[in-house]
Amino acid sequence: MVAEFPHASNNSIHRDGDRVVKRFVGPRAQERCSAERLAVTSLRAQLPVPELLSCDEVSMTTRFVPGDNGRIGLSDGHAEDILRLAGSTLRRLQAVPAHTVFDGARDTLG
């Protein structure tokens, strides 16, 4: 079974069983794919990110992670819970030193 993800903005994202295939399209597709692949593999120990199964220059295949689209939860009246979880995840992400993901990156602004 293949299911399309209508919230996929500029990229093509579809689910095929227990896998999700994301194809980067448009400007700088290779650069954006490379950056996301690096982030997914680098952050795996710190954050709940999907397992990367395969990739090429403009696409990546990950293991499907069950859950609901946040937009649906917001419209269903769960904004407080969703925003609390988003804030918590953002705090965890901000606690990861930038150089952990991108070699040579500074860990502070300025």
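Student: Is Thr61 buried or exposed in this one?
Tutor: Buried, because its relative accessibility is 12%. Keep in mind that this is a predicted model.

Student: Okay, and which strand does Thr61 lie in?
Tutor: Strand β5, which covers residues 59–63.

Student: What is Thr61 in contact with, leaving aside neighbours within four places in sequence?
Tutor: Two stretches of chain show up: Arg19, Val20 and Val21, and then Glu51, Leu52, Leu53 and Ser54.

Student: Arg19 and company are in β3, so how do β3 and β5 pair?
Tutor: They pair in the antiparallel sense, over five bridges. In that pairing, Arg19 stands opposite Arg63 in β5.

Student: What about Ser59, where is that found?
Tutor: Also in strand β5. Ser59 counts as buried because its relative accessibility is 13%.

Student: And what does Ser59 touch, not counting residues up to four places away?
Tutor: Lys22, Arg23, Phe24 and Cys33.

Student: Back to β3 for a sec. Which way do the side chains point along β3?
Tutor: They alternate. Val20 and Lys22 point to one face and are buried, while Arg19, Val21 and Arg23 point to the other face and are not buried.

Student: Which strand is joined to β3 by five bridges at residues 12–16?
Tutor: That's β2, and it runs antiparallel to β3, which spans residues 19–23. For the register, His14 stands opposite Val21, and Asp16 stands opposite Arg19.

Student: How many residues sit between β2 and β3?
Tutor: Two, and the strands form a hairpin. If you're checking backbone angles, Gly17 in the turn has a positive phi of about 65°.

Student: Moving just ahead of β2, where does Asn10 lie?
Tutor: In the loop between β1 (2–4) and β2. Asn10 is exposed, since its relative accessible area is 60%.

Student: How far apart are the C-alpha atoms of Asn10 and Val25?
Tutor: They are separated by 6.5 Å, with the two residues 15 apart along the chain.

Student: New topic: cysteines. How many disulfides does the count come to?
Tutor: Zero.

Student: Why is there no bond at Cys33?
Tutor: Because the closest cysteine sulfur, in Cys55, is 6.7 Å from the sulfur of Cys33, too far for a bond. The cut-off for a disulfide is sulfur atoms within 2.5 Å.

Student: Are those two cysteines buried or exposed?
Tutor: Cys33 is buried, with a relative accessible area of 0%. Cys55 counts as partly exposed, because its relative accessibility is 41%.

Student: Last thing, pockets. What volume does the second largest pocket have?
Tutor: About 180 Å³. The elements that give two or more residues to its lining are α1 (29–43), α3 (79–94) and α4 (98–101).

Student: Which residues lie nearest the centre of the second largest pocket?
Tutor: Leu93, Val96, Pro97, Ala98 and Val101, out of ten lining residues.

Student: And what does the lining of the second largest pocket look like by class?
Tutor: Eight nonpolar residues, one polar and one charged.

Notes: Residues are numbered from 1 along each chain as its sequence is written. This is a predicted model: local features need pLDDT of at least 70, side-chain atom pairs count only at pLDDT 80 or more; totals for chains, interfaces and linings use all residues. Side-chain values use heavy atoms; hydrogens and water are left out. Helices (H or I, at least four residues) and strands (E, at least two) are DSSP runs, numbered from the N terminus. Buried means under 20% relative accessible area, exposed over 50%, partly exposed in between (1.4 Å probe, protein chains only). Contact means heavy atoms within 4.5 Å. Two strands pair if DSSP finds at least two bridges between them. On a 1 Å grid over the protein atoms alone, a cavity is a set of points where a 1.4 Å probe fits but cannot get out, and a pocket is an open set with protein on both sides within 12 Å along at least five of seven lines; lining residues have an atom within 4 Å of a point. Grid points are joined across faces, edges and corners, and a volume is the space filled by probe spheres set on the points. Ala, Val, Leu, Ile, Met, Phe, Trp, Tyr, Cys and Pro count as nonpolar, Asp, Glu, Lys and Arg as charged, and the others, Gly among them, as polar.
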